[in-house]
Amino acid sequence: MAAEASDDAFVVFERVQKSYDGETLVVKDLNLSIGKGEFLTMLGPSGSGKTTCLMMLAGFETATHGDIRLGGVSINNIPPHKRGIGMVFQNYALFPHMTVAENLSFPLEVRGMDKATREEKVKRALDMVQMGEFGGRRPAQLSGGQQQRIALARALVFEPELVLMDEPLGALDKQLREHMQFEIKHLHERLGITVVYVTHDQTEALTMSDRVAVFNDGVIQQLDPPDVLYEEPQNSFVAQFIGENNTLEGTIEAIENGIARVRLDHGELIDAVPVNVNKVGERTRVSIRPERVEYNPERMPPDAHTVRAEVLEFIYMGDIYRTRLNVAGNENFIIKTRNAPDQRRLKPGEVIEVGWRPQDCRALDA
Ligand SMILES: Nc1ncnc2c1ncn2[C@@H]1O[C@H](COP(=O)(O)OP(=O)(O)OP(=O)(O)O)[C@@H](O)[C@H]1O
Ligand SMILES: [Mg+2]
């Protein structure tokens with residue numbers, strides 16, 4: 001659910017719509033308020049409208065409808081170079097013919113700063129990303145991760161209040177990407193800047209953000225801090241998109257005292273939290289996280305419902321065991337258990353009882 005625009009927010013999208021062709025809306029009635037100093041991530045599948053939102057905020061695209069405000073002022077009234085927005089894009093587009101120092105100096109020149117000030121700021125920005133020694137090199141003489149850090153330094157060198165980053169780590173290998181995630185997060189904390197970050201990598205979104213806006217088809221499906229998003233998805237799209245999930249399909253048989261009784265298509269009756277279902281007879285997808293499923297009778301929560309399951313596959317992953325089961329006809333029902341000394345390894349062919357607390361089981365739209 002999109003938050004309502006509030007007056008003390010730093011960035012506000014109010015009822016924003018965007019169409020490129022005058023027919024289809026790629027951003028639909030978007031309401032979003034971002035606080036000063038916040039790290040907000042737009043997360044969503046390809047084509048869901050993330051870059052479009054960032055482009056409108058940067059001033060490279062105009063909204064077809066609605067209003068975008070920055071520090072209380074409608075963005076249409078602020079010329080792009082006065083918006084104080086730093087930007088980092090996926091392909092980091094450093095100017096290839098300029099040295100690193102010249103690349104960083106450029107946004108300062110555009111803003112009319114004198115040479116001494118520029119030199120000082122460039123040095124400080126390079127030190128910040130631990131690239132102080134590299135001022136004289138050209139981009140082609142740097143590794144991908146080093147170029148990425150320079151792009152980051154260039155976006156921050158003129159001390160913007162707001163930094164927009166569109167998939168800035170997309171081109172990096174896993175290890176460097178994780179390193180840069182923490183680096184960006186620490187810079188954000190240290191400098192107190194407001195960051196609007198775009199990614200389609202959900203792990204990246206969860207680890208870096210204060211809040212995550214999950215986009216689909218031009219609409220924010222849910223806007224929440226990472227833990228709320230993961231533990232309390234508000235609809236099936238979010239439950240499927242964030243993290244791994246087991247789904248069982250069924251029909252609502254009763255809703256009483258905040259508990260939905262769901263008759264699974266396979267026949268079992270289970271309890272679940274009714275999230276966005278409200279009628280008896282309604283179809284539902286029940287979702288349960290793999291790490292909330294228990295099979296060890298000694299660890300089974302007292303209020304757990306148990307269901308019969310057949311073990312199909314056991315995968316040893318080092319820190320965890322990942323076991324694939326057939327539960328109520330779903331042959332892709334995954335459970336994850338910590339590799340603890342007293343944890344038993346399940347064997348394919350075994351028939352067991354699995355269970356979970358009703359509050360870990362969410363009845364969502366079908
Ligand atoms: N300049 C443009 N002209 C016409 N259509 C466009 C333009 N830019 C984007 N679109 C369309 O708008 C929709 C949203 O695109 P957008 O780039 O905002 O998606 P995205 O969420 O950033 O996706 P990705 O994760 O692939 O980068 C897509 O259907 C895209 O084809
Ligand atoms: Mg994009």
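The protein chain splits into two parts in its domain assignment: domain 1 covers 11-236 and domain 2 covers 244-365. Keep in mind that this is a predicted model. Taken over C-alpha atoms, the centres of domain 1 and domain 2 sit 39 Å apart. How many residues of domain 1 are in contact with domain 2? There are 4 of them, and they meet 6 residues on the domain 2 side. On the side of domain 1 that touches domain 2, you'll find 1 nonpolar residue, 3 polar ones and no charged ones.

Now zoom out to the whole chain. Its C-alpha trace spans about 75 × 45 × 35 Å along the principal axes. The chain has 366 residues, and 38% of them count as buried. Its secondary structure adds up to 8 helices and 19 strands. What about contacts between residues with a separation of 6 or more? In the protein chain, 67% of those contacts join residues that are 24 or more positions apart.

Next, let's pick out one sheet. This open sheet has 6 strands with mixed pairing, and you can follow them in the order β6-β7-β8-β3-β9-β10. Which strands sit at the edges? They are β6 and β10, and each of these pairs on one side only. If you ignore direction, neighbouring strands of the sheet are turned by 15° against each other on average.

Here are some of the elements to look for, with their residue ranges:

| Element | Residues |
|---|---|
| Helix α4 | 144-156 |
| Strand β6 | 85-88 |
| Strand β7 | 162-166 |
| Strand β9 | 211-216 |
| Strand β10 | 219-224 |

At one end of the strand order, β9 and β10 pair in the antiparallel sense, over 5 bridges. One bridge to spot there links Asn 216 with Val 219, its partner in β10. At the other end of the order, helix α4 lies across β6 and β7. Helix α4 runs at about 170° to β6.

Finally, there's ligand 1. Which residues surround ligand 1? Start with the run you can trace along the chain: Ser 46, Gly 47, Ser 48, Gly 49, Lys 50, Thr 51 and Thr 52 are among them. Gly 44 belongs to the surroundings too, along with Tyr 20, Val 26 and His 200. Sorted by class, the shell around ligand 1 has 8 polar residues, 2 nonpolar ones and 1 charged one.

How values were computed
Residues numbered from 1 in each chain as written. Chains lettered and ligands numbered in written order. Predicted model: local features only at pLDDT ≥ 70, side-chain atom pairs only at ≥ 80, totals over all residues. Domains from an automatic or database assignment. Contact = placed C-beta atoms within 7 Å. Nonpolar A, V, L, I, M, F, W, Y, C, P; charged D, E, K, R; others polar. Near = placed C-beta within 6 Å. Pairing = 2+ DSSP bridges. Helix = DSSP H or I, 4+ residues; strand = E, 2+ residues; numbered from the N terminus. Axes fitted to C-alpha atoms, helices over the stretch in contact; angles between N-to-C directions. Buried ≥ 20, exposed ≤ 12 C-beta atoms within 10 Å, placed from the backbone.
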